[in-house]
Amino acid sequence: MKSFRIQVNDESYTVSLEQSGRGRYQATLDGIIFDAEITSNGDITSWRVSNGSEDVHAKAMNLPNDRVDVWLACMPFPATVQTVGIGGYHVPTESRAKSVGGEIRALMPGRITSILVKEEEDVIEGAPLLILEAMKMQNEITSPSNGKVKTIFVHEGETVKKDSVLVSIE
Amino acid sequence: MKLFIANRGEIALRIIRTCRRLGVRTVLAYSEADRESLPMRYADERYPLNGSMPAETYLNVSKLAQGAVETRCDAVHPGYGFLSEDPRFVEECEGNGLTFVGPSSRTLAKLGNKLQARSVMKECGVPLIPGSDGPLGSEDEAVELATRIGFPVIIKAVYGGGGRGMRIAKDADEVMRFFRLTRLEAASAFGRGDIYIEKRLAAPRHIEIQAVADRRGKIVSLGERECSIQRRHQKLVEEAPSVALDADLRKKLTDVALKGLRASDYTNAGTVEFLVDRNREFYFLEVNKRLQVEHLVTELTTRVDIVEEQLNVAAGDSLSISQNEVEVVGWAINCRINAEDPRRGFIPTPGTVIHYHPPTGPGVRIDAALYSGCAIPEYYDSLIAKLATRGTTRDETIRRMRVALEETEIIGVPTTVPLHVELMRDDSFVSGEFDTTFLDGFVPHLNSRIATYAKLAAVVAAVEKARSPKSWGIERHRKQSTWRAAARTRAITGS
């Protein structure tokens, strides 16, 4: 029996596994037993997972280090997997959590259509900072907290990539 | 006829499919971002628009009309969105001797924007939702009117369409804020920033009548569609017929819809949208003067190819069908699959689809322009696929949808599929008891579905890491390429 510590969507799960046949495994998570069976093998693996109430197809991509990208119902569930060792868990080789601090980043690529604040301006939580247009939608980017606008890194009309820093708040 | 297609993605492909069947030659306008899109493979000719931003491509009136003239087309199909309801584009086409596949500029002069449509319908005796008679000049004017008719109100773009350019305001503060945002969005998406206000009704259903009319005075209703499953005025699920109509109410809606369209000398495909409240009172909402996204559910229940009828009308021919030949058979449901992340407030998620496997089988139709490796550009709408099923009963149609959703494989961009999975299992949806506010309360259900998926994903992640590469028989079998094996056999046998 092997045990793994899995991180998905900022939640941690402990999964223990037992191979039950060729390409077949029995997994236990929170006391619930799941049967997993590989249904096709390639760059992307197909799995069928079931327990009493759920029966789903999933796709998985085994990535370097401790990462696995899982897709279920056309939605991504990026996971990190650590084998549970003696005396505790392995330290993850890469943390997927993003520490953004007071930086506001673009959640999606798009274009800055207007900037609603100035540097040094005091803002309250939820105050609109700028408008990011993506896929025809005007998205109001708001301040995550009370504070002062430190630096504005973009200008009106600029096209920004996903995750690029837009504004810093202190 | 040679047809210029001033649109992209799945709807461009949808139009091309009918044209290929009918032997109509097509020219597809394309932006740089769409150079490798699926419809590019099937259009007879392609016309480059240079650039990728909507304003310089699919919203560029003169560039598109010029393209149609240069490629010697007779007609222009605008699809939906973009310039499909823009009177300037219709005039530009007509001025260049091109037939616009849609209503004429004469009709648009009467029905061109949402405010004009309100006054036409009012004259035909159709009840209107309380609101503006003309465009609002300023935030202050908007606040004044909103206070008079009562909150909440909906701020709408006069030239808007497709649910874009609309926001609900609960108080005067929100009117001030959203007025400016909606105006910006409208100016960018529809080319004009005019704004008006309507009162927001409590929990109505959205029901619309699809019609087609030719230039010889024949007008035919193709029945209703129920489109109450909406998020921020974006329809997500549509069906035909509607559980909320009986024969009497259906006849009333159909009669006033056709009357309104006749009063504006309407030609080509058009839809009259209504809100129907709990007391079965109905109010005029809008006229959609184009082929709609959800037209496929009507095609599935009536067996009419609406694009073909549009082309008949554009060619000056009569409709190929009469009212007494239209029969609504069975049920159809459409799920809009958008590249949006349900975990992050449905933000659009452009990117690359690295793997695509569409569902199929009896009663399944998918309208999409996807292939493994295709790009979802950030410049355009997030709709990437329409999955529709058809059945004898609504229940059978829902069951078929569940199966089809399970078979759908789209990997690379997050999508709205989990929402549809949960919706198709939801008791209220299945029993037909819902209205346009239904999805607002649905997020907890969706979150619990996603939490269930996260657990299953954890199991998959573990088995994927744990499995040995040789754990399955197919691996060894695959090591030798079948093409290489065939080549070797051919070399040995000389065949």
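**A tour from an exposed glycine to the chain contact**

Select B:Gly373. B:Gly373 counts as exposed because it has 12 C-beta neighbours inside 10 Å, and 12 or fewer is the cut-off for that class. Keep in mind that this is a predicted model.

Now show the backbone around B:Gly373. This glycine is found in the loop between strand 19 (364-368) and strand 20 (375-376) of chain B. Add B:Thr352 and B:Ile354 to the selection. B:Gly373 touches both, leaving aside residues up to four places away in sequence. Then pick B:His355. Its C-alpha atom is separated from that of B:Gly373 by 6.6 Å, although the two residues are 18 apart along the chain.

**The open sheet of chain B**

Go next to the start of chain B. Select strand 1 (2-5), strand 2 (25-30), strand 3 (45-48), strand 4 (75-77) and strand 5 (99-100). In what order do the 5 strands of the open sheet run? The order is 3-2-1-4-5, and the pairing is parallel. Strand 3 and strand 5 of chain B are the edges, each pairing on one side only.

Zoom in on strands 2 and 3 of chain B. They run parallel and are joined by 4 bridges. Label B:Ala29 and find B:Tyr47 of strand 3 standing opposite.

Now add helix 1 (residues 9-22) of chain B. Helix 1 lies across strand 1, strand 2 and strand 4 of chain B. Against strand 1 of chain B, helix 1 runs at about 170 degrees.

**The contact between chains**

Colour the two chains separately. The contact takes 47 residues from chain B and 54 residues from chain A. On the side of chain B that touches chain A, the elements giving two or more residues include helix 8 (172-190), helix 13 (417-423) and helix 16 (474-479) of chain B. Which element of chain B gives the largest share of this side? Helix 15 of chain B does, with 15 residues. Colour this side by class: 26 residues are nonpolar, 9 polar and 12 charged.

**Into the core**

Stay on helix 15 (443-466) of chain B. Helix 15 of chain B also gives the largest share of the largest nonpolar core, 11 residues. That core has 147 residues, and B:Ala457, B:Val459, B:Val460 and B:Ala461 touch the most other members.

Select B:Ala461. Its contacts in chain A include A:Ile6, A:Val8, A:Ala60 and A:Val68. A:Val70, A:Ala79 and A:Val81 are also touched by B:Ala461.

**Last stop: chain A**

Select domain 1 (2-86) and domain 2 (103-169) of chain A, as given by the domain assignment. Their centres, taken over C-alpha atoms, are separated by 37 Å.

Note on methods: Residues numbered from 1 in each chain as written. Chains lettered and ligands numbered in written order. Predicted model: local features only at pLDDT ≥ 70, side-chain atom pairs only at ≥ 80, totals over all residues. Pairing = 2+ DSSP bridges. Contact = placed C-beta atoms within 7 Å. Axes fitted to C-alpha atoms, helices over the stretch in contact; angles between N-to-C directions. Nonpolar A, V, L, I, M, F, W, Y, C, P; charged D, E, K, R; others polar. Domains from an automatic or database assignment. Buried ≥ 20, exposed ≤ 12 C-beta atoms within 10 Å, placed from the backbone. Core = buried A, V, L, I, M, F, W, Y, C linked by C-beta atoms within 7 Å.
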